[in-house]
Amino acid sequence: RPPVLVLSVHDVMPHVLRGPRRIEKQLLQRVYNSADALIVHHELLRTRLQDEFGIDPERLHVIGHQVFPVPEDLRSVKPPDGSPMVLFFGALRANKGTKVLCEAIELLPSELDVQFHFAGRGDLEVEQELSRFAATNSRTTAEIGFVEYERKAELFRNASIVVLPYTEFSSQSGVLHDAYGHGRPVIVTDVGALGDTVREDGTGLVVPPSSPVELSKALEQLLTDGGPRSELSGATTRVANERSPQRLGESLRAVYDSFS
């Protein structure tokens, strides 16, 4: 063990348990107790560490999730003209709510002009479910596999809305902050730090988890009125500036310097 250990905790509990929950929690407890300082990306995650693991609040520090800058030639202020595209991006796991999103898509009015695009890789079962759904739903495409950086930027650039329909989550989200970096509004579920972050930032809509009906209503709301989308996009730009690597790096450095 080093003389001082500073631990960044992205997931208070892992997305996928690798063993019995009781054992997993005991192992995490040992890890968390070993650190002199723990850094989390939202106040809600600090509260979870205090309440669920009994971590001394003096050892906990909240530093926001950085928004990585996107090169100007790989981003655009507005999505292209034509049918709006709703993007789901990231690891394909059961907790990511892809099944809920598919059900919400089927609830949308048939005359609504929209395209949905899933991109990522993960659990084979989820990949196969998405491939089958895309094959039978004309408004949906599924891009299964690893997505290179340039292609990722293209997908976010072409998106009008980024959706995170997660059903279970004990974290902050990198995908959410990728959307911010590209200036795209979001629809998220109220799990982990997602709901509180989006409400505080004013960057999108928040719906209950595992509710295709509410998710469908939120999608229709943003897809049929471009005004709110424009306002929410403006908020993402403000947040991206506030959470730049340079600004958050100063806060991170201050934690390390406190032990020197």
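A nonpolar core is a set of buried Ala, Val, Leu, Ile, Met, Phe, Trp, Tyr and Cys residues joined through side-chain atoms within 4.5 Å, and buried here means under 20% relative accessible area, with exposed over 50% and partly exposed in between (1.4 Å probe, protein chains only). In this chain the largest such core has 51 residues. The model is predicted, so to speak of a local feature takes pLDDT of at least 70 and side-chain atom pairs count only at pLDDT 80 or more, while totals for chains, interfaces and linings use all residues. Residues are numbered from 1 along each chain as its sequence is written, and side-chain values use heavy atoms, with hydrogens and water left out.

**Overall build**

- The chain has ten helices and nine strands; these are DSSP runs numbered from the N terminus, with helices being H or I of at least four residues and strands E of at least two.
- With a radius of gyration of 19 Å, close to the 18 Å that the globule rule gives for 260 residues, the chain is as compact as a globular protein of that length. That radius is taken over C-alpha atoms, and the rule is 2.2 Å times the number of residues to the power 0.38.
- Along its principal axes, the C-alpha trace spans about 60 × 40 × 30 Å.
- Of the 260 residues, 48% are buried.
- Accessible surface adds up to about 12,700 Å², and carbon and sulfur atoms own 50% of it. The areas come from the Shrake-Rupley method with a 1.4 Å probe; for residues, only the protein chains shown count as cover.
- Take the contacts (heavy atoms within 4.5 Å) between residues at least 6 apart in sequence: 70% of them join residues at least 24 apart.

**Strand 4 and its partners**

- Strand 4 (residues 85–89) is mostly covered, with five of its five residues buried.
- Met85, Leu87 and Phe89 point one way from strand 4, while Val86 and Phe88 point the other way. In a regular strand the side chains alternate between the two faces of the sheet.
- Strand 5 (residues 115–120) pairs with strand 4 in the parallel sense over five bridges; pairing takes at least two DSSP bridges between the strands. Met85 has Gln115 of strand 5 as its bridge partner.
- Strand 7 (residues 161–164) also runs parallel to strand 4, joined by two bridges, and here Leu87 is partnered with Val162.
- Strand 5 in turn makes five bridges with strand 6 (residues 140–144), again parallel, and His117 stands opposite Thr141 in strand 6.

**Crossovers**

- Strand 4, helix 3 (residues 98–107) and strand 5 form a right-handed β-α-β unit. Right-handed means that, with the strands pointing away from the viewer, the path from the first strand over the helix to the second runs clockwise.
- Strand 5, helix 4 (residues 124–136) and strand 6 make a right-handed β-α-β unit too.

**Cores**

- Ile187, Leu215 and Leu219 have the most contacts inside the 51-residue core.
- Skip residues up to four places away in sequence, and Ile187 touches Ile161, Val162, Val163, Leu164, Leu205, Leu215, Ala218, Leu219 and Leu222.
- A second, separate core has 14 residues, among them Tyr32, Leu45, Ile55 and Leu60.
- In soluble globular proteins, nonpolar side chains tend to be buried together.

**Residues worth a click**

- Tyr180 sits in helix 6 (residues 174–181) and is buried, at a relative accessible area of 0%. Beyond its neighbours within four places in sequence, its contacts include Val67, Asp201, Thr236 and Arg243.
- Arg48, in helix 2 (residues 43–53), is also buried, with a relative accessible area of 17%. Outside the four-place window in sequence, Arg48 is in contact with Val12, Met13, Phe53, Phe169 and Ser170.
- Val70 belongs to the loop between strand 3 (60–62) and strand 4, yet it is buried at 13% relative accessible area. Leaving out neighbours within four places, Val70 contacts Arg75, Tyr149, Gly181 and His182.
- Ser210 lies in the loop between strand 9 (204–207) and helix 8 (212–224) and counts as partly exposed, at 48% relative accessibility. Phi of Ser210 is near 60 degrees, a positive value in a residue other than glycine. Most residues other than glycine have a negative phi.
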